[in-house]
Amino acid sequence: MRTMSEAIARRTALAAQGFADPRPAQAPTRRHLGRVLSRIRLLQLDSVNVAVRAHYAPLFARLGAYDSALVDEAAWSDSARRPRLLVEYWAHEASLVPVDDWPLLHSGAKRPGWWRNYRPIVDANPRLTEDVLSVVKELGPVGAGTIERTLAGGVTRGPGAWWDRSEVKKVCEWLFGTGELSTGTRRGFERMYDLTERVLPAEVLARRVDPAEGARELVTRAATALGVATEPDLRDYYRLGPEAGRRAVAELVDAGTLEPVLVSGWRQQAYRHVRARTPRSITGRALLCPFDPLIWERDRTERLFGFRYRIEIYVPEPKRVHGYYVFPFLLDGELVARVDLKADRGRGVLRVPGAFAEPGVPHGRVAVELAAELRLMADWLGLSGVEVGERGDLAGTLRAAAG
């Protein structure tokens with residue numbers, strides 16, 4: 001069995017995630033967006049907007065400054081000239097995924113998500129479910145609040161039809177989980193529900209995939225995105241169950257899609273996608289948001305980079321080590337620093353309350369490269385400058401480099 005060093009595994013993983021490719025010299029286009037998506041396969045959604053929404057940040061890390069309307073049009077715009085490329089569903093977490101992957105996620109390969117807990121409400125209120133669908137059919141794309149107000153206005157209320165308002169949102173999420181509703185568009189960050197048949201092409205909806213094929217296809221996509229990974233890494237990408245993940249990996253090894261390898265320093269068996277490439281070196285820099293697919297699996301991040309990373313949003317402020325919303329900094333294939341970021345839109349600056357270097361890295365060069373990337377991010381976000389605070393061993397050097 002082939003043995004890979006940690007350095008080779010790291011370069012393989014970075015190439016799979018698109019970090020071996022130079023950023024576009026010109027303004028990124030829909031073609032560049034498609035190329036990144038062909039590698040990473042999904043963009044995780046998250047409501048936190050301290051610096052930038054999570055689904056925009058991974059593209060900035062790989063493409064540099066780009067027009068975020070590229071994502072909005074690909075995900076939430078219905079145009080005959082430019083068909084929708086992305087659709088929302090539960091993949092790793094709530095995510096934007098390629099439209100063609102929708103049947104795989106509804107194949108039965110994935111276990112039902114947290115929304116399954118709403119089944120008792122649906123079973124106890126079948127009329128409410130029908131009414132929600134009727135309102136969406138008439139008004140969609142429409143938010144849960146509008147659905148609640150429409151139903152409360154007497155459209156369906158009558159003897160035996162009383163319901164709690166919070167149940168409407170739960171029914172909407174149940175119908176989203178089962179695939180009867182989808183996200184037609186977003187207003188701000190509010191999900192606007194629509195009938196899935198009005199969001200996705202008929203040929204996509206008509207495709208039927210059995211659970212075993214769905215699991216194999218999803219693990220193949222995960223392997224493409226990860227390059228080299230353990231079986232838990234592969235199943236975590238789309239949150240498959242252990243049994244489905246192990247079976248799919250075994251079948252893909254038999255089919256020659258995955259090659260078993262040993263990675264020095266890794267306790268578990270690893271698997272390399274047979275078409276994964278390993279560049280001789282990785283150059284360039286990137287700021288990685290907490291939900292970037294390169295680093296979202298924290299144990300894998302530590303295995304690949306020797307970088308211990310935890311998101312501290314839910315940690316009480318006095319107990320935070322690095323900050324509220326911390327971006328690791330990738331430089332020439334290594335995670336060399338981390339910065340706590342906040343887009344202060346009122347003052348028009350990108351604030352860096354804390355900056356921390358990894359042990360042994362040269363502060364001077366890291367600070368220069370990091371300052372340049374922070375200025376690029378500030379410009380991209382429409383902010384006038386970068387303001388570095390006092391926390392962290394890199395803060396002074398970074399403040400001088402940022403000017």
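This is a short walk through the structure shown above, from its main pocket to its strands, aromatic rings and cavities. Please keep in mind that the model is a predicted one.

Let us begin with the pocket. The largest pocket has a volume of about 370 Å³. Its lining is made of 19 residues, and those closest to the centre are Trp90, Lys110, Arg111, Pro112 and Gly113. To find where this pocket sits, look at the domains: domain 1 (2-108 + 209-273) and domain 2 (114-204) both contribute lining residues, so the pocket lies between them. Two elements to pick out along the wall are strand S3 (86-90) and helix H9 (165-178), each of which gives at least two residues to the lining. As for chemical character, the lining of the largest pocket holds seven nonpolar, seven polar and five charged residues.

Strand S3 leads us on to a sheet. This open sheet is built from three strands in the order S2-S4-S3, with antiparallel pairing. Strand S2 (43-44) and S3 are at the edges and have a single partner strand each, so one side of each has no neighbour in the sheet. The contact between S3 and strand S4 (residues 94-98) is antiparallel and consists of five bridges. If you would like a spot to check by eye, find Glu88, which stands opposite Leu96 in S4. In general, strands of a sheet pair through backbone hydrogen bonds, either parallel or antiparallel.

Further along the chain there is another set of strands to follow. Strand S11 (residues 326-331) pairs with S12 in the antiparallel sense, over six bridges. Within this pairing, Pro328 stands opposite Arg338 in S12. The hairpin of S11 and S12 has two residues between the strands, and Asp332 takes a positive phi near 50° there. Strand S12 (residues 334-344) is itself mostly covered, with nine of its eleven residues buried.

From S12 the path continues into strand S13 (residues 349-357), and these two strands run antiparallel, joined by seven bridges. Here Asp344 has Val349 of S13 as its bridge partner. Four residues lie between the strands in the hairpin of S12 and S13, where Gly348 takes a positive phi near 75°.

Now turn to the aromatic rings. Across the whole structure, a search finds ten aromatic pairs. One of them joins Tyr66 and Trp380 in a tilted arrangement, with 5.4 Å from centre to centre and 35° between the planes. This pair links distant parts of the chain: Tyr66 is in the loop between helix H3 (57-63) and helix H4 (69-76), Trp380 is in helix H16 (residues 363-380), and the two are 314 residues apart. Are these two residues buried or exposed? Tyr66 has a relative accessible area of 6%, so Tyr66 is buried. Trp380 has 15% relative accessibility and therefore counts as buried too. Ring pairs also bring in Phe60, which forms a cluster with Tyr66 and Trp380.

A second pair to look at is Trp114 with Tyr118, an edge-to-face pair with 5.5 Å from centre to centre and 85° between the planes. With a relative accessible area of 37%, Trp114 is partly exposed, whereas Tyr118 counts as buried at 18%.

The last stop is the enclosed space. A search of the whole structure finds two cavities of 30 Å³ or more. The largest cavity holds about 40 Å³ of space. Its lining is formed by Leu226, Asp233, Asp236, Tyr237, Pro293, Trp296, Glu297 and Arg300. Helix H13 (residues 231-237) provides the largest share of that lining, three residues. By class, four of the lining residues are nonpolar and four are charged, with no polar ones.

The second largest cavity has a volume of about 30 Å³. It is lined by Ala212, Ala215, Arg216, Ala244, Arg247, Ala248 and Glu251. Helix H12 (211-226) and helix H14 (242-254) each supply at least two of these residues, and the largest share, four residues, comes from H14. The lining of the second largest cavity has four nonpolar and three charged residues, and no polar ones.

How values were computed
Residues numbered from 1 in each chain as written. Predicted model: local features only at pLDDT ≥ 70, side-chain atom pairs only at ≥ 80, totals over all residues. Heavy atoms only, no water. 1 Å grid on protein atoms, 1.4 Å probe; cavity = no way out; pocket = protein on both sides within 12 Å on 5 of 7 lines; lining within 4 Å. Points joined across faces, edges and corners; volume = space filled by probe spheres on them. Nonpolar A, V, L, I, M, F, W, Y, C, P; charged D, E, K, R; others polar. Domains from an automatic or database assignment. Pairing = 2+ DSSP bridges. Buried < 20%, exposed > 50% of the residue type's maximum accessible area, 1.4 Å probe, protein only. Phe/Tyr/Trp six-rings, centres within 6.5 Å; stacked < 30°, edge-to-face > 60°.
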